[in-house]
Amino acid sequence: MATPTVNLERERLLQLAEEYRNNGYEVAFHPGLEDLPDFLRNYRPDMIARRGDEAVIVEVKSRHLLGSSQGQYLQDLAQAVEQNPGWRFELVMANPEDVVYPQNTEGSLQKHEIEARLQVAKQFASQHSEPAILYSWALAEAALRLVSEHEGLSLKRSDSLYLVKQLVIEGVISRSEYQLLMDSLSLRNTVAHGFKTTRVTQELVHELIDLIEQLLGTLHTSSDAD
């Protein structure tokens, strides 16, 4: 009998497959050796989604498994995928506790608050890239929510992965901006969950900060015009 964790992962995988199919991808579950390129021969990913020259390796895991031997497996898989142009790795939490926001928040950061905090993020970036990617990603999420609200998008979920996908699908952000955000999210998750990485650089954090500033620049409110 499947455990609740297995059922949760399977349900989330099926949801992702539907989302990818709806966006024109061909989806293969648990691909065999004949479906995998040479650099993935030692891995058994949950799903591959392909569209044109783009391929996405998708793994769906429950958060508590990241601290087990699977954590190292996923880190190695991510590195193998990201070293190959046209391929992207996507790790999705089956039970993402971090999308359940506390009830006592005072609302999402607004444009002027994000802009003020970006100055702090720039100071972090010059000396401490890992905390800088954590802080900068939080500001990116707040900026993306403002952009989606400004564009009048109807969002079914509030997690950051879904938010970024919807923005690129709706043409609000470009493919290159999407890729920068996905790379930043992946590294943010790596740092946030206690994994080591040498890929968080001052340059990457500044690229993310620049993108946040560009996104904020698209928000032309009536108050700006006054």
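## Salt bridges around Glu 54

In this predicted model, Arg 51 and Glu 54 are joined through their side chains by a salt bridge, with an N to O distance of 3.7 Å. The two partners differ in how much of their surface is open: Arg 51 is partly exposed, with a relative accessibility of 32%, whereas Glu 54 is buried, with a value of 16%.

Glu 54 has a further partner in Arg 88, and the closest N and O atoms of this salt bridge are 3.4 Å apart. Glu 54 belongs to strand β3 (residues 54–61) and Arg 88 to strand β4 (residues 87–93), so this salt bridge links parts of the chain that are 34 residues apart in sequence. Arg 88 is buried as well, at 4% relative accessibility. Both ends of the Arg 88 to Glu 54 pair therefore fall under the 20% limit for a buried residue.

## A pair within helix α4, and the wider network

The whole structure holds 11 salt bridges. One of them lies in a helix: Arg 145 pairs with Glu 141, and their closest N and O atoms are 3.6 Å apart. What separates these two residues along helix α4? Arg 145 and Glu 141 are 4 residues apart in this helix, which spans residues 129–150, and that spacing is about one helical turn. Arg 145 is partly exposed at 29% relative accessibility, while Glu 141 is buried at 13%.

Some salt bridges share partners, and in this way Arg 51, Glu 54, Arg 88, Glu 90, Lys 165 and Arg 175 form one network.

## The nonpolar cores

The largest nonpolar core has 50 residues, and the members that touch the most others are Ile 114 and Ile 212. At least two residues of this core come from each of α1 (4–22), β2 (47–51), β3, α3 (111–127), α4, α5 (160–169), α6 (175–192) and α7 (202–217). Helix α4 gives the largest share, 10 residues.

Which residues does Ile 212 touch, leaving aside those up to four places away in sequence? With that exclusion, Ile 212 is in contact with Ile 114, Leu 118, Ser 136, Leu 139, Ala 140 and Ala 143. Another core, of 13 residues, lies apart from the largest one; its members include Leu 36, Ile 48, Leu 74 and Val 81.

## Glu 177, a buried charge without a salt bridge

Side chains of opposite charge can pair when their charged atoms come close. Glu 177, which is placed in helix α6, is buried but forms no salt bridge. The nearest side chain of opposite charge is that of Arg 175, 10 Å away. A salt bridge requires the nitrogen and oxygen to be within 4 Å, so a pair at this distance does not count as one.

Not counting residues up to four places away in sequence, Glu 177 touches Leu 211 and Gln 214.

## His 30 and its backbone angle

Where is His 30 found? His 30 sits in the loop between β1 (26–29) and β2. Its phi is near 40 degrees, which is a positive value in a residue other than glycine. His 30 is exposed, with 53% relative accessibility.

Conventions. Residues are numbered from 1 along each chain as its sequence is written. This is a predicted model: local features need pLDDT of at least 70, side-chain atom pairs count only at pLDDT 80 or more; totals for chains, interfaces and linings use all residues. Side-chain values use heavy atoms; hydrogens and water are left out. Buried means under 20% relative accessible area, exposed over 50%, partly exposed in between (1.4 Å probe, protein chains only). A nonpolar core is a set of buried Ala, Val, Leu, Ile, Met, Phe, Trp, Tyr and Cys residues joined through side-chain atoms within 4.5 Å. Contact means heavy atoms within 4.5 Å. Lys and Arg count as positive and Asp and Glu as negative; His and the chain ends are not counted.
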